[in-house]
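Good morning, colleagues. Please turn to the sequence and the structure that I am about to show.

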Amino acid sequence: MALKPSQAQPGNPEECPVAATLQVIGGKWVPLILFQLKDQPRRFNALRRLIPGITQRMLTLQLRGLEQDGVVARKVHETVPPHVEYSLTPRGLTLAPIIEAMEEWGNLRLRARRDQASTGR
């Protein structure tokens, strides 16, 4: 049974649904990783190129955490040289509407910024 917001202890991921969601998708890099995996699987190096500023170590740590949460699947292709591909699991795909809503909100914000800059306000 879902708790009403007034019943949930704010910030407690055991009781608060927003805190429980943020426990999985919070942070600087995870939403960007999910955004890049939302429509197609990606190789590790492709993710590094698509997410400027993320280090190899940080990407590795974030992907491992998402794997442990059951959001991302890691597939090793037995090729020469071998390569690894990451994709969203069925559970991870349930986060797509959240990422899409963030994308839509961000586009509106960027458009408003551009409009504001072009009018000189």
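I shall begin with the overall fold and then turn to one helix and one pocket.

Please bear in mind that this is a predicted model. The secondary structure of the protein consists of six helices and three strands. Read from the N terminus, these elements follow the order α-α-β-α-α-β-β-α-α.

As to overall dimensions, the radius of gyration of the protein is 18 Å, whereas a compact globule of 121 residues would have one near 14 Å. Along the principal axes, the C-alpha atoms occupy a box of roughly 55 × 50 × 25 Å. Of the 121 residues, 28% count as buried. If we consider contacts between residues at least 6 apart in sequence, 42% of them join residues at least 24 apart.

Let us now consider helix H6, which covers residues 96-119. At 1.5 Å a residue, its 24 residues should span 34 Å, and the end C-alpha atoms are indeed 34 Å apart, so the expected and the modelled spans agree. Just after H6, glycine 120 adopts a positive phi of about 75°.

H6 also brings us to the largest pocket, since helix H2 (30-37) and H6 are the elements that give two or more residues to its lining. The volume of this largest pocket is about 150 Å³. Which residues line the largest pocket? They are Pro31, Leu32, Phe35, Gln36, Ile99, Met102 and Glu103. H2 provides the largest share of this lining, with four residues. By class, the lining comprises five nonpolar residues, one polar and one charged.

Thank you for your attention.

How values were computed: Residues are numbered from 1 along each chain as its sequence is written. This is a predicted model: local features need pLDDT of at least 70, side-chain atom pairs count only at pLDDT 80 or more; totals for chains, interfaces and linings use all residues. Side-chain values use heavy atoms; hydrogens and water are left out. The expected span of a helix is 1.5 Å times one less than its number of residues. On a 1 Å grid over the protein atoms alone, a cavity is a set of points where a 1.4 Å probe fits but cannot get out, and a pocket is an open set with protein on both sides within 12 Å along at least five of seven lines; lining residues have an atom within 4 Å of a point. Grid points are joined across faces, edges and corners, and a volume is the space filled by probe spheres set on the points. Ala, Val, Leu, Ile, Met, Phe, Trp, Tyr, Cys and Pro count as nonpolar, Asp, Glu, Lys and Arg as charged, and the others, Gly among them, as polar. The radius of gyration is taken over C-alpha atoms; the globule rule is 2.2 Å times the number of residues to the power 0.38. Buried means under 20% relative accessible area, exposed over 50%, partly exposed in between (1.4 Å probe, protein chains only). Contact means heavy atoms within 4.5 Å.
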